[in-house]
Amino acid sequence: MNLQDSSTIMIWLDKQQAIVLWTMHAWERDARLVRDALSKGAHSYNVLIEIACTRSSEELLGARRAYHSLFDHSIEEDVAYHINNSNRKLLVALVSAYRYEGAKVNDTIAKSEAKILGEAIKNVDRNPIEDDEVVTILSTRSKAHLKIVFDHYKELYGNDIHEDLHDESILKEAVLCLTSPQMYFAKVLDMALAIGANENTKNGLTRVIVTRADTDMKEIKEQYVNLYGVQFLSKIEELTSGNFKDLLLALIQRSE
């Protein structure tokens, strides 16, 4: 098999994956994405965070129900079974969440919790992900509440909270997904299109476009331009080809 034949097969497989994901109900799709991420190991745990933190409470609950029906296990028990390191507590809590989605926020509590997060993050003797209060705040508070918490954090400590977290930390990914999901998705897309990206990273292209086509793709494209100074559609035109490119462009343009 020559290089051109191999490339043609990969494009066909990418297209087939996109079609299969697109035809699924969103809850089943998320359930299967979680299952796949758990089977691939730690380098795919960002998918767990993505689904747990960017979906609405009802969407996450639907994915949990679909997972239970498809695999005769709960997402929570499979996450707990497969993950044995310090990430387990936070990941189990995030996939178990059912957040309040209203606009009411208690500013006094938010400021207090900003201090709790700051003390945990700046404690050099302990990983903040192992702090029970940090896990509770990130897994139970509404996204509106967390936005105010993080605003207070910046007022108290001078940095955005994600600037004080390690780049490879799942805590950092969770914060970004909870408060700036379109920025998170734009970064996933850019990494997927990077030359030399591994297969797991490349899969983010199909996953994000399919799952966000009818949700917030317009905002993701705007965020992509803000971050990278180029239109996302132009990158797709440049770096993909054939029927796979046509399918991706059709899904992206549903938001227009």
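A salt bridge here is a side-chain nitrogen of Lys or Arg within 4 Å of a carboxyl oxygen of Asp or Glu. Keep that in mind for the opening stops, and keep in mind too that the model on your screen is predicted.

**Stop 1: salt bridges**

Select Lys89 and Asp132 and show their side chains. They meet in a salt bridge, with N to O at 2.7 Å. Now colour by helix: Lys89 belongs to helix 6 (residues 88-95) and Asp132 to helix 8 (residues 132-140), so this is a link between distant parts of the chain, 43 residues apart. Turn on the surface if you like. Lys89 is partly exposed at 39% relative accessible area, and Asp132 is partly exposed as well, at 46%.

Next, pick Glu113 and Arg141. Their closest N and O atoms are 2.7 Å apart, which gives another salt bridge. Where do Glu113 and Arg141 lie? Glu113 is in helix 7 (residues 107-121), while Arg141 sits in the loop between helix 8 and helix 9, so the pair ties together parts that are 28 residues apart in sequence. Is Glu113 buried or exposed? Glu113 is buried, with a relative accessible area of 8%; its partner Arg141 is partly exposed at 28%.

One more bridge before moving on: Lys154 with Asp160, at 3.6 Å from N to O. Lys154 has a relative accessible area of 41%, which puts it in the partly exposed class, and Asp160 is partly exposed too, at 26%. If you want to go hunting on your own, a search of the whole structure finds 14 salt bridges.

**Stop 2: Lys115 and helix 9**

Stay with helix 7 and select Lys115, which is found there. Lys115 is partly exposed, at 41% relative accessible area. Draw a distance from its C-alpha to that of Tyr153: you should get 6.9 Å, although the two are 38 residues apart along the chain. Which residues does Lys115 touch, leaving aside those up to four places away in sequence? Leu156 and Tyr157.

Now bring up the rings of Tyr153 and Tyr157. They form a tilted aromatic pair, 4.8 Å centre to centre with 45° between the planes. Both sit in helix 9 (residues 143-157), and because they are four residues apart there, about one helical turn separates them. Check the burial of each: Tyr153 is buried at 0%, whereas Tyr157 is partly exposed at 27%.

**Stop 3: more rings**

Go to Tyr184 and Phe185. Why does this pair count as edge-to-face? The ring centres are 5.4 Å apart and the planes meet at 65°, and the edge-to-face class takes planes over 60 degrees apart. Tyr184 is buried, with 4% relative accessible area, and Phe185 is buried at 0%.

Then select Tyr224, Tyr228 and Phe232 together, since these three form one aromatic cluster. Over the structure, the count comes to five aromatic pairs.

There is also a charge over a ring to look at. Show Arg35 and Phe71: the charged end of Arg35 sits over the ring of Phe71, 4.4 Å from its centre.

**Stop 4: Ser57**

Phe71 is a handy place to jump from, as helix 4 covers residues 57-71, and Ser57 lies in that helix. Is Ser57 buried or exposed? With 6% relative accessibility, Ser57 counts as buried. Show its side chain along with the backbone of Arg99: a polar atom of the Ser57 side chain lies 2.7 Å from the backbone oxygen of Arg99. Expand the selection to the residues that Ser57 touches, not counting those up to four places away in sequence, and you pick up Tyr98, Arg99 and Glu101.

**Stop 5: zoom out to the domains**

Finally, hide the side chains and colour by domain. The domain assignment gives domain 1 as 3-99 + 166-254, and domain 2 as 106-165. Place a pseudo-atom at the C-alpha centre of each domain, and the two centres are 25 Å apart. How many residues of each domain are in contact with the other? The answer is 19 residues of domain 1 with 19 residues of domain 2.

Key: Residues numbered from 1 in each chain as written. Predicted model: local features only at pLDDT ≥ 70, side-chain atom pairs only at ≥ 80, totals over all residues. Heavy atoms only, no water. Phe/Tyr/Trp six-rings, centres within 6.5 Å; stacked < 30°, edge-to-face > 60°. Helix = DSSP H or I, 4+ residues; strand = E, 2+ residues; numbered from the N terminus. Buried < 20%, exposed > 50% of the residue type's maximum accessible area, 1.4 Å probe, protein only. Lys NZ or Arg CZ within 6 Å of the ring centre and 35° of its normal. Polar contact = N/O pair within 3.5 Å; in protein donor to acceptor, adjacent residues only side chain to side chain. Contact = heavy atoms within 4.5 Å. Domains from an automatic or database assignment.
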